[in-house]
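Colleague: I'd like to learn how to read a model like this one. Could you walk me through it, a feature at a time?

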Amino acid sequence: MQPRIESIPEKKLVGKRLRTSLAHNRTAELWKSFMPHRGEIINAAGQELFSISVFDAGYFSVFNPLTEFDKWAAVLVSDHAPVPTGMEILTIPAGLYAVFNYKGLASAGATFFQYIYGTWIPGSEYELDNRPHFEVLGDKYKNEHRASEEEVWIPVRIKA
């Protein structure tokens with residue numbers, strides 16, 4: 001499975017975030033908090049939802065499923081004003097991304113991500129870059145359905 005490589009401009013998003021880990025995953029809690037209020041974002045630029053992971057520096061140095069990171073539920077916006085109460089701004093810096101298409105149950109994604117981080121990246125001409133990782137949940141996304149599809153965007157740079 002080969003990704004496409006894309007260079008993106010800066011992206012501005014508005015949404016909610018919380019601290020979570022892979023072992024104590026609170027993603028469902030985050031989305032249950034965000035979805036009833038998503039319509040309050042009046043400057044949304046499209047219908048896609050963004051599931052974003054912002055990892056602290058060194059997160060991937062020694063993998064530990066208990067290590068926490070920031071998880072976001074957000075939408076792309078044309079600008080940052082106004083920001084609804086209880087939501088925040090996130091800016092994804094411009095840069096290169098490896099874009100993978102994932103089809104299947106959201107809960108079955110572990111093997112897919114193991115391939116990306118354990119096989120594809122080490123065997124490619126790229127290394128991880130310290131920028132947000134995100135999934136674009138478009139009209140084909142159906143969460144826990146076998147036919148669900150999403151795009152997985154992994155920040156990369158050419159290996160030094």
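**Reading the model**

Modeller: Sure, let's start with one residue: Phe69 counts as buried, with a relative accessibility of 4%. Keep in mind that this is a predicted model.

Colleague: How do I get from that percentage to the word "buried"?

Modeller: You compare it with a cut-off: buried means under 20% relative accessible area. Phe69 is at 4%, so it counts as buried.

Colleague: Which strand holds Phe69, and which residues is it in contact with, leaving aside neighbours within four places in sequence?

Modeller: Phe69 sits in strand β4, which covers residues 69–77. With those neighbours set aside, the contacts of Phe69 include Leu18, Arg19, Thr20, Ser21 and Leu22. Ser53, Val54, Phe55 and Tyr59 are also in contact with Phe69.

Colleague: And how far is Phe69 from Glu149, C-alpha to C-alpha?

Modeller: Those C-alpha atoms are separated by 24 Å, and the two residues are 80 apart along the chain.

Colleague: Let's try Ser51. Is it buried or exposed?

Modeller: Ser51 is buried, as its relative accessible area is 6% and the cut-off is under 20%. Ser51 belongs to strand β3, residues 44–54.

Colleague: What does the side chain of Ser51 make a polar contact with?

Modeller: The partner is the side chain of Lys71, at 3.2 Å. Lys71 also turns up in the contact list of Ser51 beyond four places in sequence, together with Trp31, Trp72, His133, Phe134, Glu135 and Leu137.

Colleague: Now zoom out for me. How many helices and strands are there?

Modeller: The protein has 2 helices and 9 strands. Going along the sequence, the order is β-β-α-β-β-β-β-α-β-β-β.

Colleague: What can I say about contacts across the whole chain?

Modeller: Take the contacts between residues at least 6 apart in sequence: 76% of them join residues at least 24 apart.

Colleague: And what does the radius of gyration tell me?

Modeller: You set it against the value for a compact globule. For 160 residues that would be near 15 Å, and the protein has 15 Å, so the two agree. The C-alpha trace spans about 45 × 30 × 30 Å along its principal axes.

Colleague: How about burial and surface for the protein as a whole?

Modeller: Of its 160 residues, 39% count as buried. The accessible surface is about 8,700 Å², and carbon and sulfur atoms account for 54% of that.

Colleague: Last one: how far apart are the mean positions of the positive and negative charges?

Modeller: They are 3 Å apart, taken over 17 positive and 19 negative charges.

Technical notes: Residues numbered from 1 in each chain as written. Predicted model: local features only at pLDDT ≥ 70, side-chain atom pairs only at ≥ 80, totals over all residues. Heavy atoms only, no water. Helix = DSSP H or I, 4+ residues; strand = E, 2+ residues; numbered from the N terminus. Rg over C-alpha atoms; globule rule 2.2 N^0.38 Å. Buried < 20%, exposed > 50% of the residue type's maximum accessible area, 1.4 Å probe, protein only. Contact = heavy atoms within 4.5 Å. Areas by Shrake-Rupley, 256 points an atom, 1.4 Å probe, with all protein chains shown as cover. Lys, Arg positive; Asp, Glu negative; His and termini not counted. Charge placed at Lys NZ, Arg CZ, Asp CG, Glu CD. Polar contact = N/O pair within 3.5 Å; in protein donor to acceptor, adjacent residues only side chain to side chain.
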